[in-house]
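Got the model open in your viewer? Let's walk through it one selection at a time, and see what turns up at each stop.

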Amino acid sequence: MRKSVALFLAVLLALSLGGCGKKEEAPNQGKDELLLGFAQLGSESGWRIGNTKSVTEAAEAAGIRLMYNNANQSQEKQIKAIRSYIAYRVDVIAFSPIVEEGWDNVLREAREAGIPVIIEDRYIKTEDETLYAAHIGSDFYREGVMAGEYLLRKLSTLPADKTLNVVELEGTIDSTPMLQRRAGFRDTVRDEPRIHLLDSICGDFMISKGKECVKTMLEQYGSGIDVLFSHNDCMMYGALEAIREYGLTPGKDVIIISVDGEQQAIDLLKEGQVNCVVECTPKLGDEIMRVAKDLAAGKEVQREVYSHESSFTEFDDLAGLAPRGY
Ligand code: GYE
C-alpha cells in the first residue's frame with residue numbers, strides 16, 4: 001500500500017476509466033502494507049514515552065506503516081491529526097483520547113469514510129458505541145482500588161489510634177485515569193474512619209506541576225500530611241522533591257503511593273522512598289497491531305481488551321522483579 005505518486009495517478013486513471021457506476025474499493029483492498037494513523041496525546045510522562053515506543057516498535061515488527069502525531073496535550077490538535085488521517089485514507093486509526101468528551105464529530109467523519117477506529121489507553125464518553133471498533137487499555141478503577149487496598153493494609157500495621165491524612169495529586173482533569181483512579185481509591189477507603197482525605201489538586205500528570213502542587217499543600221498543611229496518593233509516577237517524582245525540600249522524609253514521614261510502575265518509581269520503592277506503586281502498562285502496541293490487522297481484514301474483534309496488572313508494595317519481595325522497560 002505505498003501511497004506513491006505513481007499509485008495515486010493509477011488510481012485516478014482507474015477511477016476515470018471506471019466511470020461513476022464503479023463500486024468504491026475498501027481502503028485496504030489490493031494493498032499489501034497496512035497504514036495505521038496513530039494520534040498520540042502528548043509526551044507528558046515516562047509512561048507516555050513508553051507507550052509511544054511500544055506502538056512504534058510493534059508497528060515495525062508487524063510490518064505496519066505508521067503515521068504518528070504528538071498533540072502536546074491539546075485535544076484540538078488530536079482532532080486535527082485524526083482528520084488528516086481520514087483525509088489520507090489510512091486503513092485504521094488509533095488514538096489515546098486526552099479527555100473523555102468531545103470526540104463524536106470526528107469519529108462520525110471516520111465512520112463515514114469507512115475507517116475503523118481503535119481507542120487505546122484512555123476512554124471516550126459517547127452515546128454512540130458504534131463510533132469505535134475496540135478499546136485497548138487498563139482498568140483504571142481497579143488501579144485506584146489497588147492503591148486504596150495498600151493503604152488499608154498499611155493502616156493495619158499502625159497503632160490503633162493512628163489516623164492518616166491523605167492528599168491526592170490528580171492527573172489531567174476529565175481524563176479517564178484521573179476520574180477512575182480517584183473513584184477507585186475513594187470507594188476503597190471511604191468506610192475507614194481513620195483515613196481522611198485532606199485535599200486533592202490537579203498536577204496534570206507532570207513532574208513540575210506535581211512539585212508545585214505538593215509545595216502549596218505543604219505550606220498549608222505542613223507535617224499534617226501523612227499520605228500522598230499521586231495518580232502517576234511523574235507527579236510523584238516532583239512531589240518527592242517538594243517533600244524533601246520541606247525537610248520531611250518521603251516513604252517514612254509521608255507514605256507515598258503512585259501509579260504507573262516506571263523503572264524509576266520501582267527503584268525509589270526499593271530504596272524505601274516510596275511505599276506502593278500500582279502497575280499500569282504502556283505496552284499496548286502488539287495488541288493494537290493485532291486488532292488493526294483484524295479490522296483491516298474485516299474480521300470481528302473483541303471490543304474491550306484489558307491489560308493484566310498488579311501492584312508493588314513495601315510488603316513485597318522485589319528482588320526478582322524484571323526490568324520494567326519504561
Ligand atoms: O498513568 C500517565 C500518563 O493515560 C494511563 O497518562 C495513562 C496516564 C499515565 O501520562 O503517566
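Start by selecting Ser 311, in strand β12. Is Ser 311 buried or exposed? Neither quite fits: its relative accessibility is 24%, so Ser 311 counts as partly exposed, given that buried means under 20% and exposed means over 50%. Keep in mind as you look around that this is a predicted model.

Now show what Ser 311 touches. Leaving out residues up to four places away in sequence, its contacts are Met 146, Val 277, Val 278, Glu 279 and Asp 316. Pick Glu 279 from that set and draw a C-alpha to C-alpha distance to Ser 311: you should get 5.3 Å, although the two are 32 residues apart in sequence.

**Next stop: helix α9**

Select residues 263-271, which make up helix α9. Which residues of α9 are buried? Colour Ala 265, Ile 266, Leu 268 and Leu 269. Then turn the view until you look straight down the helix: those buried residues fall within an arc of 160°, so they line one face of α9. The general rule behind such a pattern is that an α-helix has 3.6 residues a turn, so residues three or four places apart point the same way.

What covers that buried side of α9? Switch on α8 (233-245), β10 (276-279) and β12 (311-313), which are among the elements over the buried residues. You've already met β12, as the strand that holds Ser 311. Before you leave, click on Gly 272, which follows α9 and has a positive phi, near 85°.

**Into a loop: Asp 204 and Phe 205**

Most residues other than glycine have a negative phi. With that in mind, go to the loop between β7 (195-202) and α7 (207-221) and select Asp 204. Asp 204 isn't a glycine, yet its phi is positive, about 55°. With a relative accessibility of 18%, Asp 204 counts as buried.

Step along to Phe 205, which is also in the loop between β7 and α7. What is the phi of Phe 205? Here too you'll find a positive value in a residue other than glycine, near 70°. Phe 205 has a relative accessibility of 3%, so this residue counts as buried.

**Over to helix α3**

Now select residues 75-88, helix α3. Its 14 residues span 20 Å from the first C-alpha to the last, close to the 20 Å expected at 1.5 Å a residue. Colour the buried ones: Gln 78, Ile 79, Ala 81, Ile 82, Tyr 85 and Ile 86. Look down the axis again, and you'll see them fall within an arc of 160°, so they line one face of α3.

Where are the exposed residues Glu 76, Lys 80 and Ala 87? Rotate to the face of α3 turned away from its buried side, and there they are. Swing back to the buried side and show β1 (35-40), β2 (65-70), β3 (92-95) and α4, which are among the elements that cover it.

Zoom in on Ala 81, one of the residues of α3. Its relative accessible area is 7%, which means that Ala 81 is buried. Ignoring neighbours within four places in sequence, Ala 81 is in contact with Ala 39 and Asn 69. Just past the helix, click on Arg 89, which follows α3 and has a positive phi, near 60°.

**Add helix α4**

Keep α3 on screen and add α4, residues 104-112. How do the two helices pack? Their axes are 10 Å apart, at an angle of about 10°. Angles under 35 degrees count as roughly parallel, and α3 and α4 are therefore roughly parallel to each other. To see the contact, show Ile 79, Ile 82, Arg 83 and Ile 86 on the α3 side, then Val 106, Glu 109 and Ala 110 on the α4 side. By type, these contact residues are five nonpolar, two charged and no polar.

**Zoom out**

Finish with everything in view: ten helices and twelve strands. The C-alpha atoms fill a box of roughly 85 × 40 × 35 Å along the principal axes. Of the 326 residues, 52% count as buried. Among contacts between residues at least 6 apart in sequence, 75% join residues at least 24 apart.

Technical notes. Residues numbered from 1 in each chain as written. Predicted model: local features only at pLDDT ≥ 70, side-chain atom pairs only at ≥ 80, totals over all residues. Heavy atoms only, no water. Axes fitted to C-alpha atoms, helices over the stretch in contact; angles between N-to-C directions. Helix = DSSP H or I, 4+ residues; strand = E, 2+ residues; numbered from the N terminus. Parallel < 35°, antiparallel > 145°, perpendicular 65-115°, else oblique. Contact = heavy atoms within 4.5 Å. Nonpolar A, V, L, I, M, F, W, Y, C, P; charged D, E, K, R; others polar. Expected span 1.5 Å × (residues − 1). Buried < 20%, exposed > 50% of the residue type's maximum accessible area, 1.4 Å probe, protein only. Arc of directions from axis to C-beta.
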